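Work through the exercises below with the sequence and the model side by side. Try each task before reading its solution.

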Amino acid sequence: MSEHEVDVVVIGLGPGGEYAAGRLAEAGLAVAGVEARLVGGECPYWGCIPSKMMIRAADLLAEGRRIPGLAGSSVVTPDWAPVAHRIRAEATDDWDDTVAADRFTGKGGRLFRGYGRITAPDRAGTPYWTNHEAIETGQLPESIVVLGGGAVGAELAQVFGRFGARVTIVEALGQLLPLEEPESGKLIAKVFGREGIGVHTGSPAERVSHDGDAFTVSLKGGQEVTGERLLVATGRRADLASLGAGTVGIDESGRQIPVDGHLRAAPGVWALGDVVGQGAFTHMSMYHAGIVVADILGEEHHPAEHHAVPRVTFTDPEVGAVGLTEAGAREQGITVRVGRSQVPSSARGWIHKAGNDGFIKLVQDAERGVLVGATSAGPAGGEVLSMLTLAVHAAVPAQRLGEMIYAYPTFHRAVEEAVHRLS
Ligand SMILES: Cc1cc2nc3c(=O)[nH]c(=O)nc-3n(C[C@H](O)[C@H](O)[C@H](O)COP(=O)(O)OP(=O)(O)OC[C@H]3O[C@@H](n4cnc5c(N)ncnc54)[C@H](O)[C@@H]3O)c2cc1C
């Protein structure tokens with residue numbers, strides 16, 4: 001094997017790695033990018049983009065079904081073929097990263113394909129799906145069990161349900177979207193129940209079997225659920241030992257790589273994105289990449305802050321959240337005030353009528369008088385989140401939020417009511 005001397009080696013060209021590697025190459029550094037799968041990582045090929053295409057299609061079906069009573073009549077006939085085609089042709093180029101790879105090498109980077117010290121993941125056992133198979137499928141399953149009620153599991157469960165599959169979602173913890181407010185979990189469970197999705201929470205799966213045709217998942221307590229397919233959506237985790245993190249003094253037994261405010265993990269080593277453990281989101285990876293690039297190039301930059309991390313679960317209704325949950329704030333010893341409002345009882349929610357489920361919940365640090373967390377669930381909940389992210393990020397006094405003008409009749413007017421209800 002030939003040896004190459006470079007200024008920077010970027011291991012893993014996910015959204016953040018690709019961005020950082022490209023920027024550093026453009027800045028004139030000799031950069032080697034090492035990628036085991038596809039340049040661009042999880043988000044464009046098996047994550048955010050294709051899953052949001054699936055969700056867009058499923059939401060269209062749901063909107064079509066909402067026409068009766070509001071605008072006439074409708075007959076909705078789901079067809080998975082255009083979804084699969086769009087993902088294959090428009091989103092992933094048939095899972096071909098030539099464009100992204102050329103973009104990187106066009107900036108002067110050198111691309112090395114391979115796992116380095118990574119070994120192929122263990123795929124033995126039953127033929128379950130991960131998000132890769134779920135995104136790549138050309139065929140809608142007749143029935144599916146989704147293990148894991150986090151964002152990925154909830155989003156894909158609703159998509160498959162709306163296309164006509166019999167869906168059962170199993171979550172070990174006590175609520176769907178377990179990292180979010182209990183109200184968020186309850187709301188999504190209520191909507192899923194209405195849409196015919198089976199929901200089991202507080203039900204760890206104890207055993208999985210496959211008889212050649214179908215999966216049977218045995219839950220704690222003796223219940224069994226079955227499906228033609230099993231989607232494991234219980235979270236991906238970094239394999240630090242395979243990465244060789246120990247050779248630079250990083251604890252390989254941990255789930256994440258500890259970093260300082262400049263994302264430095266060890267002398268000459270930076271970490272960014274999912275592996276840092278501050279939230280597995282593409283926007284986090286891109287945010288980190290900007291800081292890493294600036295630090296390597298010796299440019300002035302603001303250290304990383306993680307007090308206002310926004311995240312959106314793209315179910316219908318969308319669940320947007322930022323910062324701390326109420327329980328999380330209390331755990332940190334913060335004296336908490338909470339304000340809530342309901343989207344259906346806002347003017348816009350009432351006008352919207354079908355598909356208007358949602359709420360706003362604000363978590364205030366009573367001593368500082370600022371919001372430290374917020375949830376915006378509802379139609380366009382992820383968009384309404386933007387003003388709440390700004391409020392938490394910039395520590396805008398809640399009093400000032402109560403004094404501003406909110407356009408009528410918008411979904412974000414529900415924020416005003418929640419601000420006035422802080423107690
Ligand atoms: C179904 C699904 C939907 C999602 N939807 C959203 C969403 O709507 N919004 C959002 O913000 N996030 C979403 N995410 C999360 C998002 O995809 C990730 O947070 C994001 O891709 C993480 O970026 P990253 O830079 O940390 O690296 P990743 O995208 O995880 O990429 C890491 C890359 O490194 C490579 N690699 C790892 N180790 C090595 C090694 N030793 N040698 C060589 N290569 C290596 C891998 O092959 C991979 O390509 C979703 C995820 C899934 C699964």
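The exercises go from the whole chain to single residues.

The model is predicted: local features need pLDDT of at least 70, side-chain atom pairs count only at pLDDT 80 or more, and totals for chains, interfaces and linings use all residues. Residues are numbered from 1 along each chain as its sequence is written.

**Exercise 1. The whole chain**

Task: Describe the make-up of the chain and decide whether it is as compact as a globular protein of its length.

Solution:
1. Count the elements: the chain has 15 helices and 17 strands. Helices (H or I, at least four residues) and strands (E, at least two) are DSSP runs, numbered from the N terminus.
2. Compare the radii. The radius of gyration is 23 Å and the globule rule gives 22 Å for 423 residues; these are close, so the chain is as compact as a globular protein of that length. The radius is taken over C-alpha atoms, and the rule is 2.2 Å times the number of residues to the power 0.38.
3. Look at burial: 43% of the 423 residues count as buried. A residue is buried if 20 or more other C-beta atoms lie within 10 Å of its own, exposed if 12 or fewer, and partly exposed in between, with C-beta atoms placed from the backbone.

**Exercise 2. Helix H7**

Task: Find whether the length of helix H7 agrees with its number of residues, and how much of H7 is buried.

Solution:
1. The expected span of a helix is 1.5 Å times one less than its number of residues.
2. For the twelve residues of H7 (residues 151-162) this gives 16 Å, and the end C-alpha atoms are 17 Å apart, which agrees.
3. Twelve of the twelve residues are buried, so H7 is largely enclosed by the rest of the structure. The buried residues include Glu155 and Arg162.
4. Just after H7, Gly164 has a positive phi of about 110°.

**Exercise 3. Phe215**

Task: Locate Phe215 and state whether it is buried or exposed.

Solution:
1. Phe215 lies in strand S8 (residues 215-219).
2. Phe215 counts as buried because it has 23 C-beta neighbours inside 10 Å.
3. Leaving out residues up to four places away in sequence, Phe215 touches Thr126, Val145, Val208, His210, Thr226, Gly227 and Leu230. Contact means that the C-beta atoms, placed from the backbone, lie within 7 Å.
4. One of these partners, Leu230, is 15 residues from Phe215 in sequence and 6.6 Å away in space, C-alpha to C-alpha.

**Exercise 4. Backbone exceptions**

Task: Describe the positive phi values of Asp94 and Trp95, and the cis peptide bonds before Pro317 and Pro409.

Solution:
1. Start from the usual case: most residues other than glycine have a negative phi, and most peptide bonds are trans.
2. Phi is near 60° for Asp94 and near 55° for Trp95.
3. Asp94 is in the loop between helix H4 (81-91) and helix H5 (98-106), and Trp95 is also in the loop between H4 and H5.
4. Asp94 is exposed, with 9 other C-beta atoms within 10 Å, whereas Trp95 is partly exposed, with 17.
5. The bond joining Asp316 and Pro317 is cis, with omega about 5°. Pro317 is in the loop between strand S13 (310-313) and strand S14 (318-323).
6. The bond from Tyr408 to Pro409 is cis, with omega near -10°. Pro409 is in the loop between H14 and H15.

Methods: Two residues are in contact if their C-beta atoms, placed from the backbone, lie within 7 Å.
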